[in-house]
Amino acid sequence: MVYEKAHDIGGTWRDNLYPGCACDVPSHLYSYSFEPNPNWSRMFAPQHEIWDYLRRCAQKYDLLPHMRFGSEVASAEFDADKGWWRVTTVDGRCVTARIVVSGIGALSIPAYPKVPGIERFEGKTFHSARWDSDYPLLDKRVAVIGTGASAIQFVPAIAPIVSQLDLYQRTPPWVLSKPDRAMTAVEKALFKFLPATQKLFRGGIYWWMESRVLGLAVDPRAMKLAEAYAKFFINRSIKDPKLRRKVTPDYTIGCKRILMSDEYYPALTRDNVDVITSGIREVKEHSLVTEDGVERPADAIIYGTGFQVSDPIGPMKIFGVQGKEVRETWKDSGTEAYLGVSVAGFPNFFLLLGPNTGLGHTSIVFMIEAQVNYVMQAVRHVLKHPSATLDVKPEVQLRFNQKLQSRLDEAVWSAGGCKSWYLDEFGKNRTLWPSFTFEYWMRTRKFEPMKYALAAAR
């Protein structure tokens, strides 16, 4: 059974309905290797195409009968005597299972900023991931808080229709030109009738994006070339020197997520758009007041502040051996797992997109496929041993994470001079994989039983 808290599949691509929503990874790589789509309309597919693709896949592979929609999991508790998990949903339903896999995703829980006085605001407020399509933005005064990956897509889309857009920026992102274009009819025909051509095209995209690791994780000094191009892009797009200074970051490119858009900078130059770098002091009934004392009226506030990504379990409570909740085991060591998949003390429990398996340079679909392959091998191993449980050895998990963190300390995400959602409260990167994805693929290609303790239920 697959428990899904929403009433349809799609995750990020179901929930994010804001204007301009699209992928920032080329479509032919941001798709399953076993289910190529020759009909992508663009190099970077819009939201609705990706959502349609996922629904087609679910139907084709007959997954829907296994889905339990409207079923949010509240907790999972391991019973060591019986060797199974007791899974409980928010509405109180309970089921037992030998094996539990958490696939909640990393970008599902919106992050809201702590803005003093926000409860007093009498206008409309919503997060980009909870876009209110029924609220008319035409001729409204809109305050946008945040300049992340979502904001740089919806700001250009709504700027032409609102009367005033105030963009509240804490830290400017590095933005590069997006090499997007429509796919031609010839390309679609080739990919459809000669599938090998699409495979080659996908491979070319993969290696092009994989080359970014050289600057991100191998030697951050290599990012200077990309930084020079990014500054040239700013200068070419924005003529006003004051605005240029506002949007030019003071940290190494790649330290935060690199964004791509050809519409974002031009949108900021519009007469009805202001970029505000002073912090928000308070929110009043119909306005926002910044720390410099300036009060700006607003009819609506839109949060473009991203997601809570530091906790791979989300709101769920996961209790392992001896009744320990997983966050309790992470209290001293930090959020960690072996290969981002297995956590010591939590037998027959696996994570997808667990700690340090996120990416800052290429398609997360590649990592998900590698993890699913690994988990399925582990599942088959468990099923060969009736009533057995599989638990990664603590020393294996410890060695893996010590080496992983030592590599991350030298990467641009830690050494680039910024604070980002990649880092936890201790400044440790618990989010990203520190190397090439083909290295992760090689490490997960074959399940290694000797790294785990196999025990029978008591």
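**Exercise 1. Establish which side of helix 5 is covered and what covers that side.**

Solution. The face of helix 5 turned away from its buried side carries A196, L200 and W207, which are exposed. Here exposed means over 50% relative accessible area, buried under 20%, and partly exposed in between, with a 1.4 Å probe and protein chains only. The model is predicted, so local features need pLDDT of at least 70 and side-chain atom pairs count only at pLDDT 80 or more, while totals for chains, interfaces and linings use all residues. Residues are numbered from 1 along each chain as its sequence is written, and side-chain values use heavy atoms, with hydrogens and water left out.

Step 1: take the extent. Helix 5 covers residues 195–210, 16 in number, and reaches 23 Å from its first C-alpha to its last, close to the expected 22 Å. The expected span is 1.5 Å times one less than the number of residues. Helices (H or I, at least four residues) and strands (E, at least two) are DSSP runs, numbered from the N terminus.

Step 2: list the buried residues. In helix 5 these are Q198, R202, I205, Y206, M209 and E210. They cover an arc of only 130° around the axis, so they lie on the same side of helix 5. The arc is that of the directions from the helix axis to the C-beta atoms.

Step 3: find the cover. Helix 4 (185–193), helix 6 (213–218), helix 11 (364–383) and helix 14 are included in what covers the buried residues of helix 5. Contact means heavy atoms within 4.5 Å.

**Exercise 2. Repeat the analysis for helix 12.**

Solution. Step 1: helix 12 (residues 394–408) has 15 residues and a reach of 21 Å from first C-alpha to last, close to the expected 21 Å.

Step 2: its buried residues are V396, Q397, F400, N401, L404, Q405 and L408. Their arc around the axis is only 150°, which puts them on the same side of helix 12.

Step 3: these residues pack against strand 19 (388–392), helix 13 (412–415) and helix 14 (437–444).

**Exercise 3. Locate the disulfide and state what it joins.**

Solution. Step 1: apply the criterion, a pair of cysteine sulfur atoms within 2.5 Å. The count comes to one disulfide.

Step 2: identify the pair. C255 and C418 have their sulfur atoms 2.0 Å apart. The angle about the S-S bond is -100°, and the link is left-handed.

Step 3: place the ends. C255 lies in the loop between helix 8 (241–247) and strand 11 (259–260), and C418 in the loop between helix 13 and helix 14, so the pair ties together parts that are 163 residues apart in sequence. Both C255 and C418 are buried.

Step 4: check another cysteine. C57 is in no disulfide, the nearest cysteine sulfur being that of C23, 14 Å away. C57 counts as buried because its relative accessibility is 8%.

**Exercise 4. Compare the surroundings of two residues with positive phi.**

Solution. Step 1: recall the background. Most residues other than glycine have a negative phi.

Step 2: take Q322. Its phi is positive, about 60°, although Q322 is not a glycine. Q322 sits in the loop between strand 17 (317–319) and helix 10 (326–333). With a relative accessible area of 79%, Q322 is exposed.

Step 3: take L353. Phi of L353 is near 55°, and its place is in the loop between strand 18 (349–351) and helix 11. L353 counts as buried, at 19% relative accessibility.
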